[in-house]
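This report is meant for a reader who is meeting the structure for the first time. It is best read with the sequence and the 3D view side by side.

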Number of protein chains: 2
Amino acid sequence: MARVTVSGMDQHVRRPRAERARHLADGLRQQITDGAFADGTLPDERELGRRFGASRNAVRDALALLREEGLITRRRGIGTTVLLPKYGHGLDRLAGLAEELAGRGTVTNEVRVAAEVSVLPAAVATRLEVPAGAGGVYVERLRWLDGLPLSLDTSWLTAGVGRAVLAGDLRERDVFGLIEEAAGVPLGRAEVAVHAVSADPGTARLLGIEPGAAVFALERLTRSADGRPVDVESIRIRADRMTLRATLRRGGPPTT
Amino acid sequence: MARVTVSGMDQHVRRPRAERARHLADGLRQQITDGAFADGTLPDERELGRRFGASRNAVRDALALLREEGLITRRRGIGTTVLLPKYGHGLDRLAGLAEELAGRGTVTNEVRVAAEVSVLPAAVATRLEVPAGAGGVYVERLRWLDGLPLSLDTSWLTAGVGRAVLAGDLRERDVFGLIEEAAGVPLGRAEVAVHAVSADPGTARLLGIEPGAAVFALERLTRSADGRPVDVESIRIRADRMTLRATLRRGGPPTT
């Protein structure tokens, strides 16, 4: 174990250059995501080096990593600019995308499928706690934020709730809003599992990214206020456009 | 907008094969992550097709996607097996890795750096709310779970807390535990931002994955119970070994 006294991020004794670049990229990503560069333009390499106590080489390597991630673009004569604003989506409370981004961006939905299904897939029926063979509703939407694809959302809904959702305005509204308003079923809680995966070619094409790019894959089971499962979703989110945020508290989750 | 009545996942009228495979992969990933295949062996293609109402071709394509993700392996004569158990890490409360996985797996830590730094990087000092030029402590650990790399954790700590942590058992303990016990500073809450990125070559080598594989990048700022920032972390987690989980409630986060 090294116990050395070092000064600044770049002077870690014998730290490989790749690691210094990673540290710097982490710091820069965090500042970009927090909106530290309001006009979308990053300072030049010399100034970034000064702020992070890093060499020009380390700065250049870090910017290359962030360009790989699709976070920034670098053009001769123009400099380094943030390619896309990266939006934060809270993992603190249950909210639909449009609700969550209200006032920060314009969400529109391309409805790809909205249909009753006469028999839900067995695995979906189990999660929805309906009998094998029960019917339901399937909705698949490509969601656009400020004119660019953001996520591909697929929902399996129980039959009653689903039919009311189908009758609602799926182009303009979150499914959560439709469940509560069109179906009259207040929502309670949702269990979410967040995966990071490489985009398969089909998903990449729909989302407008390179195949293999990192995307979030969310699996979400949403329940009504009285605890019944109503909506099983699989969601693919472009990771270059979205950060998931949470505030965690020490000492256990809040009790319901 | 298509409004069709379909039966089962595979009979979506005119759905491209790639999308059927993605649906099926989502369902299977969820079952694998939930531990549905206790002995780690998946049923054969015919049986999976029956359970999900899908064709053999769709099953084969879905298994190919999951193999790409590093979740399963397929061997002639042996069948399809889960490559690694995928652990859930809760986003509901603030916990260290070893704490979180207690009883489910053995965490060991390879301490790569544990050092006082005479001057914290400016961006870190700002986040820790200490004056520019202040010193602190840097800890970098590669964390192993059941003998395989799981995550690369880097922490910047304020000087007083950090020195106590340096004196603690960094090989065996979570940094959170050391902050509370060795430094005597109870923790309060943390703000977490979760990114999904492609692993850079250096990180990939340390984590034992292919460069470009999807990994979680967590940025976490942890505060003491009285609200002072004490620990700024950047964490890279193998996404083939870890799922992040949360339970979300409708109607706003709990008030502190």
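Are Arg22(B) and Glu140(A) buried or exposed? The answer comes with the account of the contact between the chains, after a few words on the model and on chain A.

## The model and chain A

The model described here is a predicted one. Chain A has eight helices and eleven strands, and its C-alpha trace spans about 65 × 45 × 30 Å along the principal axes. Of the 256 residues in chain A, 59% are buried. When contacts in chain A between residues at least 6 apart in sequence are considered, 59% of them join residues at least 24 apart.

Helix α6 of chain A, which covers residues 159-166, offers a view of the interior, with Val161(A), Gly162(A), Ala164(A), Val165(A) and Leu166(A) as its buried residues. These buried residues pack against strands β5, β6, β7 and β10 of chain A, and also against helix α7 of that chain.

## The contact between the chains

Chain A and chain B each give 88 residues to the contact, and between them they bury about 7,700 Å², of which 54% is on carbon and sulfur atoms. On the side of chain A, the residues that lose the most area to chain B are Leu248(A), Arg249(A) and Arg250(A), which together account for 12% of what that side buries.

The interface holds ten salt bridges by the rule applied, and 28 residue pairs are in polar contact between chain A and chain B. Strand β8 of chain A, residues 187-198, gives the most to the side that touches chain B, with twelve residues. The residues of that side of chain A divide into 42 nonpolar, 21 polar and 25 charged.

Arg250(A) takes part in the contact in further ways, since it forms a salt bridge with Glu180(B), with the closest N and O atoms 2.8 Å apart, and has Leu94(B) in β5(B) as its bridge partner. Strand β11 of chain A (residues 242-250) and strand β5 of chain B (residues 93-94) pair in the parallel sense over two bridges.

## Salt bridges across and within the chains

Side chains of opposite charge can pair when their charged atoms come close. Over all chains, the count of salt bridges comes to 44. One of them joins Arg22(B) and Glu140(A), whose closest N and O atoms are 3.8 Å apart; this pair crosses between chains, from helix α1 of chain B to strand β6 of chain A. To answer the opening question, Arg22(B) and Glu140(A) are both buried. Elsewhere, Asp26(A), Arg29(A), Glu219(B) and Arg236(B) are linked in a network of salt bridges.

Within helix α2 of chain A, Glu47(A) and Arg50(A) form a salt bridge with an N to O distance of 3.1 Å; because they are three residues apart in that helix, they are separated by about one helical turn. Glu47(A) is partly exposed at 23% relative accessibility, whereas Arg50(A) is exposed at 60%. In chain B, Glu47(B) and Arg51(B) meet in a salt bridge of 2.9 Å, and they lie four residues apart in helix α2 of that chain, about one turn of the helix.

## A buried serine in chain B

Ser155(B) lies in strand β8 of chain B, residues 148-158, and counts as buried because its relative accessible area is 3%, under the 20% cut-off. The side chain of Ser155(B) makes a polar contact of 3.1 Å with that of Asp231(B). Beyond its neighbours within four places in sequence, Ser155(B) is in contact with residues including Val137(B), Tyr138(B), Val175(B) and Glu233(B).

Notes: Residues are numbered from 1 along each chain as its sequence is written. Chains are lettered from A and ligands numbered from 1 in the order in which they are written. This is a predicted model: local features need pLDDT of at least 70, side-chain atom pairs count only at pLDDT 80 or more; totals for chains, interfaces and linings use all residues. Side-chain values use heavy atoms; hydrogens and water are left out. Contact means heavy atoms within 4.5 Å. Buried area is the accessible area (1.4 Å probe) that two parts lose on being put together, summed over both. A salt bridge is a side-chain nitrogen of Lys or Arg within 4 Å of a carboxyl oxygen of Asp or Glu. A polar contact is a pair of N or O atoms within 3.5 Å; within protein, one must be able to donate a hydrogen and the other to accept it, and residues adjacent in sequence count only if both atoms are side-chain atoms. Ala, Val, Leu, Ile, Met, Phe, Trp, Tyr, Cys and Pro count as nonpolar, Asp, Glu, Lys and Arg as charged, and the others, Gly among them, as polar. Two strands pair if DSSP finds at least two bridges between them. Buried means under 20% relative accessible area, exposed over 50%, partly exposed in between (1.4 Å probe, protein chains only).
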